[in-house]
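Student: Could you take me through the ligand site here, up close? I'd like to see what surrounds the ligand and what the pocket is made of.

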Amino acid sequence: MKLVLIAAHDPNLVIGNNGELPWHYSEDLKFFKKQTMGYPIVMGRVVFEELNEKPLPGRENIVLTRSKSYDHVKSFKSIDEALVYLKDSEKVFIIGGGEIYKQTIDRADELIITEIKKKFEGDTFFPEYRDKIGSIWEEYWREEHKEFDFVKLRKV
Ligand SMILES: NC(=O)c1ccc[n+]([C@@H]2O[C@H](COP(=O)([O-])OP(=O)(O)OC[C@H]3O[C@@H](n4cnc5c(N)ncnc54)[C@H](OP(=O)(O)O)[C@@H]3O)[C@@H](O)[C@H]2O)c1
């Protein structure tokens with residue numbers, strides 16, 4: 001199983017503010033949908049609440065929480081339990097938020113990053129990885145746009 005973290009961050013690695021995305025780029029949402037469609041997506045409880053507890057269609061939604069359980073979506077109390085459940089999937093996407101990225105980046109095979117060019121106020125960050133490009137991470141694909149670049153990195 002290939003584990004992929006997919007995230008959008010600003011130049012300071014900001015990914016969120018007050019439980020929400022600090023920006024709205026519809027092209028980025030389309031890109032996210034295209035990358036993840038058909039694959040399981042794993043998210044923290046805060047992200048699921050940001051989705052108003054409505055699973056994203058066309059993808060198996062998995063929520064990580066130690067405090068809640070849901071009737072309409074599968075949840076796990078640990079990342080290990082979730083990944084054991086998903087072990088036969090070809091590819092699994094970690095879609096955030098900050099707590100979940102931090103706990104999974106070391107075991108990720110790939111990062112799919114939207115590099116937002118403008119700076120935003122934020123209280124939630126993607127873990128630092130850019131200092132490891134060239135050692136642990138290798139950028140192998142980049143698509144440039146006016147307000148952001150889409151970038152794919154794989155573990156060397
Ligand atoms: N820019 C992006 O690409 C992007 C993507 C996603 C999210 N975000 C932003 O990130 C922010 C949310 O991130 P966050 O760090 O606050 O929250 P989060 O990572 O979405 O969720 C944290 C919650 O997940 C549960 N959790 C954490 N580790 C766990 C583990 N090992 N096992 C089981 N459950 C675990 C806990 O839920 P319980 O408290 O219920 O136990 C914890 O409170 C929002 O602002 C959102 O907009 C940005």
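Tutor: Sure, let's start right at the ligand. Its surroundings come to 31 residues, and the closest are Ala8, Arg45, Thr65, Arg66 and Ser67. Keep in mind that this is a predicted model.

Now the polar contacts. An oxygen atom of the ligand lies 2.8 Å from a polar backbone atom of arginine 66, a residue that is also on the list of the closest ones. For glutamate 20 it is again a polar backbone atom that is involved, with a ligand oxygen 3.1 Å away. Glutamate 50 uses its side chain: an N or O atom there is 3.0 Å from an oxygen atom of the ligand. As for cover, the ligand taken alone exposes 940 Å², and the protein buries 89% of that.

Which elements build the shell? Strand 1 (2-9), strand 2 (14-16), helix 2 (45-50) and helix 4 (98-104) are the ones that give two or more residues to it. Helix 4 has the largest share, 5 residues. By residue type, the shell splits into 13 nonpolar, 12 polar and 6 charged.

Let's step back to the space itself. What the ligand takes up is the largest pocket, which holds about 960 Å³ of space. The lining of this pocket counts 41 residues, and those nearest its centre are Val47, Glu50, Ile95, Gly96 and Gly97. So Glu50 turns up twice, once beside the pocket centre and once in that side-chain contact with the ligand. Several elements supply at least two residues each to the lining: strand 1, strand 2, helix 1 (26-36), helix 2, helix 4 and strand 7 (110-116). Helix 4 gives the most here, with 5 residues. Sorted by type, the lining has 20 nonpolar, 13 polar and 8 charged residues.

Two bits of backbone are worth a look as well. The peptide bond from glycine 96 to glycine 97 is cis, with omega near 0°, and both glycines are among the lining residues nearest the pocket centre. Glycine 97 sits in the loop between strand 6 (91-94) and helix 4, and helix 4 is the element with the largest share of the ligand shell. The other is leucine 13, found in the loop between strand 1 and strand 2. Leucine 13 has a positive phi of about 70°, although it is not a glycine. The two strands that flank this loop each give two or more residues to the shell around the ligand.

Note on methods
Residues numbered from 1 in each chain as written. Predicted model: local features only at pLDDT ≥ 70, side-chain atom pairs only at ≥ 80, totals over all residues. Heavy atoms only, no water. Near = heavy atom within 4 Å. Polar contact = N/O pair within 3.5 Å; in protein donor to acceptor, adjacent residues only side chain to side chain. Areas by Shrake-Rupley, 256 points an atom, 1.4 Å probe, with all protein chains shown as cover. 1 Å grid on protein atoms, 1.4 Å probe; cavity = no way out; pocket = protein on both sides within 12 Å on 5 of 7 lines; lining within 4 Å. Sits in = over half its atoms within 2 Å of the grid points. Helix = DSSP H or I, 4+ residues; strand = E, 2+ residues; numbered from the N terminus. Nonpolar A, V, L, I, M, F, W, Y, C, P; charged D, E, K, R; others polar. Points joined across faces, edges and corners; volume = space filled by probe spheres on them.
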